Amino acid sequence: MTTALDSTILSLIAFIPLAGALLLLIMPRRDREARWLALGVSIVAFLASLHLPVHLVRSQAGFQFEINRQWISNPNIHYHMGVDGISMWLVVLTTFLTPLCVLISWKSINDRVKEFFIILLVLETALIGVFTALDLFLFYFFWEATLIPMALLIGMYGHGRKVYAAVKFFLYTMIASMFMLAAILWLYAKTGTFDFGSVQAAIRSGQLEGFAAAAPWLFLGFFIAFAVKVPLFPFHTWLPDAHVEAPTAGSVLLAGVLLKMGTYGMLRFNLGLFPEQSRGNAPWIMVLALIGIIYGALVAMVQPNLKKLIAYSSISHLGFVVLGIFSFTQAGLDGATFVMLAHGVSTGALFMLAGILYERRHTYEIAEFGGLAAPMPVYATFFLFIMLASVGLPLLNGFIGEFLVLSGAFRARALYGVLGATGVIWSACYLLWMYQRVFFGKVTHEVNLTLADLDGSERAALWPTAIVALVMGVAPLVWLNAIDPAVRSALSPFTQLASKVVGR
Amino acid sequence: MNTAAMLPQTADYMRLLPEIVLTVFGMIVMVMDAAAEGRGEGRSRGRSIGRIKDRRIEKILGAVALVGSLAAITATFVQAQYPGFAFWNMVQVDSFSVFFHFLVAAVTAVVILTSFEYMEVQQIRAGEYYALILFGAAGMSLMSSAVELVLVFIALEISSISTYVLAGFRRRAAISSESSVKYFLLGSFATAFFLYGVALMFGATGSTNIATIGDVLRSGQIPLLAYAGVALMFVGLGFKVAAAPFHIWTPDVYEGAPSPVVGFMSTAPKAAVFAVLLRIMFEAHAPGRIGLIWVVAALSMTIGNLGALVQDNIKRLLAYSSIAHAGYLLVAYAALPDNGIPAAMFYTASYAAMNVGAFAVVSHFGSAGERYVTLGDYSGLGRRSPLLAATLTIFLLSLIGIPITGGFFAKFYVFSAALQANLVGLVIVGVLNSAVGAYYYLRIIVVMYMREPQQEVPVARIPVGLGFALAISLVTTIYLGVLPGRVLEYASRTATAWMR
């Protein structure tokens, strides 16, 4: 059943935040109103996005809620949006985290408040655009559009070496995405269209002139842009800097959503457009992913800085996602998608928790804390809960995804599964050890005794993440039954490929 | 011979209407200025009263000039109704010339709007300033419709001479006079090259009419002399558009000249000269085009971008950036005509919008004596004047070539035109250069938003005229970035007409 709303809902979700930003722009400079307006707008966008999971037809593979209008005739660019079971949840993840970002910035952002929320809302629009665009040009457009607001968030509202971090982030991702642009332009020159479906069909028809020679380069063009974003080892060096210097809301969106742009891009474009090259390049990509899992975890373990520790844990977790994607198994891809969502929720929450501590003490050094469970019991409980979710405790959201990824990796190659599984152990090590150093033992610094526990807006920001982490762990099928058909259709060229190899 | 046919017809004048309008308004401004000056001196005893009176007169003169430029825009629409040749095939009105007429007149209007405030803050007697801008604009308009090389030369001189004078208008600043003299000496040298090239071309083909030259060069053997003619003409024109290796004057002249004038001379005369180049390269079928352009474009992009990396003075930085942009634009000249011409035209339009806008911000922020022009002065601008900073940011993003701004599609069309002509090497040079370019534009944005001001730099309120100027440039920049289709389509008409 299609209604008029079905074709406009995606545009609505994507542009409600932008409209809110414009409203803020013309509003007088009053901080209180700006905060409330931003919160209201982001909640409206979240509620609107709930339309998607409610009305998505689970039995049907392919894109839904599509809208396709011509935007520019030369070059032939269409305003083409649509979601499947994978991108839908990423959209919901974005709209879910944004109101929490507003809440967590309620008190911590006091300077240039209006600009902050304008940038945040513009960023939300760009992120939703990335996950819904089905026109390669439109995708690239939104992809680049996320760059500027994020760099501004880090550079304007960050701390420490914020300018260095912002510029590094900007240059890294922009130079990498130029390779993607080159690949997109090649495809356009040969097919005359930017439309994802048409390009895919043209490639699968095998009639594309010069494709065989160009395909490895095209694959790499897309892959480099995505690998820098994920970030895959060895393209990860921008991430710790960006995270440590970013304001809390920036970190939450960076880890929660921006990194997923990379893994989503791999899933959608690398696998979708270049199945054979994906298959051919999978071994070394999986090795890089494994290095990322283990290296990220080991570096996280020795971090004296709380936020850097969480940043490196992101590298480790995103390694799982890449591992799952390039295992080309149903379980692996299901798991990868689920880890994306789970990591978004739990790491987003971890960054919020770290930010709360920073506001009180203006430091992230683990050595500055200790015994915090006594003065801040509620905070400690939240932290424990979220941390266990991140470790991958069964019945919480981290477990399902990692389990599925590992079972997929085992099927692809047992050694990969074994090595990947050590990552779970490592994550338990560094997170539990960190928890012990921060919360248990005696209070070693006098000031820590007087720290205030969570206040209203902080609780409001944390409760939803805790609830979602639990629900995702207990009832993963709510998520998986939408992801499953989308993954199956993403994998369909691979099963054909496999049958070709086997000779059936 | 029929004497009636020798006399210009009404339609001939209509085809020259924008130039006529601009000249007439220029003369009105000049006469009014002289008349007002004579009376003002007699009456004003106290200097302050005299100065206030001067201000009022200048405002009126500026308003007249503004009306003149708006009238020229209207005249362009009238002119567009009379396509064809005029004045014994010396002038041709077609969609191509209309495009550039409109562009020049629009830039003129925006620059005049910017100048109101600038002249007052800098305390410059502005009477003939407005007249010179209008005369210059007349020359530039004429350049885009002239199809006779001798007439092109005359138009080029009209536009150049007024810009030489305009460059020296900050009379109290030595640097401005230096800029003017430098520009004048090198510029007249360059136009001499152009004239020499025209002469050789005449020797090679027996004509100075661009269409006839094209027919001759297309039909048979290309004489060696024609190569020399093209090369020499290119030296002259390359100087005017600040293409490397004829770019040496640019940073010094831009640094010294008044900022609104820089905004003017980095866009309008450039657009006009690029129009002439299009005619010479494509309509006249210039031999040796691709090799010549390849080298000059690659050099301009590289030298411009590398030079800009180390600049601390924002006007010098934008000067180097304009060299780089001349390089990007020239890439289109090496492409095939049917997509190279529209790409080049689109680029001139979007470059004009973003660069005039950027210089409008620079001229406002510079305040009295153009004191605040270094990168350090811009630190913290995002906090002190969020609106001004946001506007400049959008112009800079457009100069980088970020999507949703005109600069993106400008580069996109140019590079894809070059790709279709299989100029892969040149495109790679161009793309690498855009990556380098991103860095120094970004530096300005970073300084504005992420650095704390070292000293208190005052930012005046944005006056109405400047507000309009910024709004026009901003809207155009974004319009070209969101809906480039209409403009490109209009520009494509020329290519089809010339291909015949």
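Helices here are DSSP runs of H or I with at least four residues, strands are runs of E with at least two, and both are numbered from the N terminus. With that in hand, A:Pro234 can be placed in the loop between helix 10 and helix 11 of chain A. The model is a predicted one, so local features need pLDDT of at least 70 and side-chain atom pairs count only at pLDDT 80 or more, while totals for chains, interfaces and linings use all residues. Residues are numbered from 1 along each chain as its sequence is written, and chains are lettered from A and ligands numbered from 1 in the order in which they are written.

Chain A comes first. Its secondary structure amounts to 20 helices and two strands. Along the principal axes, its C-alpha atoms fill a box of roughly 70 × 55 × 45 Å. The radius of gyration of chain A, taken over C-alpha atoms, is 22 Å, which agrees with the value near 23 Å for a compact globule of 504 residues; that globule rule is 2.2 Å times the number of residues to the power 0.38. Of the 504 residues in chain A, 58% are buried. Buried means that 20 or more other C-beta atoms lie within 10 Å of a residue's own, exposed means 12 or fewer, and partly exposed is in between, with C-beta atoms placed from the backbone. Contacts, in turn, are pairs of residues whose C-beta atoms, placed from the backbone, lie within 7 Å. Among the contacts in chain A with a separation of 6 or more, 80% join residues 24 or more positions apart.

Back to the loop between helix 10 and helix 11. A:Pro234 is joined to A:Phe233 by a cis peptide bond, with omega about 0°. A:Pro231 sits in the loop between helix 10 (211–229) and helix 11 of chain A, and the peptide bond leading to A:Pro231 from A:Val230 is cis, with omega near -10°.

Helix 11 (residues 238–245) of chain A is mostly covered, with eight of its eight residues buried. A:Trp238, A:Asp241, A:His243 and A:Glu245 are among them. The buried residues of helix 11 pack against helix 7 (147–157), helix 8, helix 12 (248–273) and helix 14 (306–325) of chain A. A:Tyr172, in helix 8 (residues 162–191) of chain A, touches A:Trp238 and A:Val228, leaving aside residues up to four places away in sequence. A:Tyr172 is buried because 20 other C-beta atoms lie within 10 Å.

Helix 8 also turns up where the chains meet. Here 21 residues of chain A are in contact with 17 residues of chain B. On the side of chain A that touches chain B, helix 6 (136–145), helix 7 and helix 8 each supply at least two residues. Helix 8 of chain A gives the largest share of that side, ten residues. By class, the side of chain A has 14 nonpolar, three polar and four charged residues; Ala, Val, Leu, Ile, Met, Phe, Trp, Tyr, Cys and Pro count as nonpolar, Asp, Glu, Lys and Arg as charged, and the others, Gly among them, as polar.

Next come the helix pairs. Helix 13 (residues 275–301) and helix 14 of chain A pack at about 155°, with their axes 7 Å apart. The axes are lines fitted to C-alpha atoms, for helices over the stretch in contact, and angles run from 0 to 180 degrees between N-to-C directions. Helix 13 and helix 14 of chain A are therefore roughly antiparallel; angles over 145 degrees count as such, under 35 as roughly parallel, 65 to 115 as roughly perpendicular and the rest as oblique. Residues that meet in this pair include A:Ile285, A:Met286 and A:Gly296 from helix 13 and A:Leu309, A:Tyr312 and A:Phe320 from helix 14 of chain A. Their contact has 15 nonpolar, five polar and no charged residues.

In chain B, helix 9 (residues 210–219) and helix 13 (residues 268–283) pack at about 25°, their axes 9 Å apart, and are therefore roughly parallel to each other. B:Ile210, B:Ala211 and B:Gly214 of helix 9 meet B:Arg279, B:Ile280 and B:Glu283 of helix 13 in chain B.

Two residues of chain A have backbone angles worth a look. A:Phe65, in strand 1 (residues 64–72) of chain A, is not a glycine, yet its phi is positive, near 55°. A:Leu395, in the loop between helix 16 (377–391) and helix 17 (397–412) of chain A, also has a positive phi, about 80°, without being a glycine. A:Phe65 counts as buried, with 24 C-beta neighbours inside 10 Å, whereas A:Leu395 is partly exposed, with 13 other C-beta atoms within 10 Å.

Key: Two residues are in contact if their C-beta atoms, placed from the backbone, lie within 7 Å.
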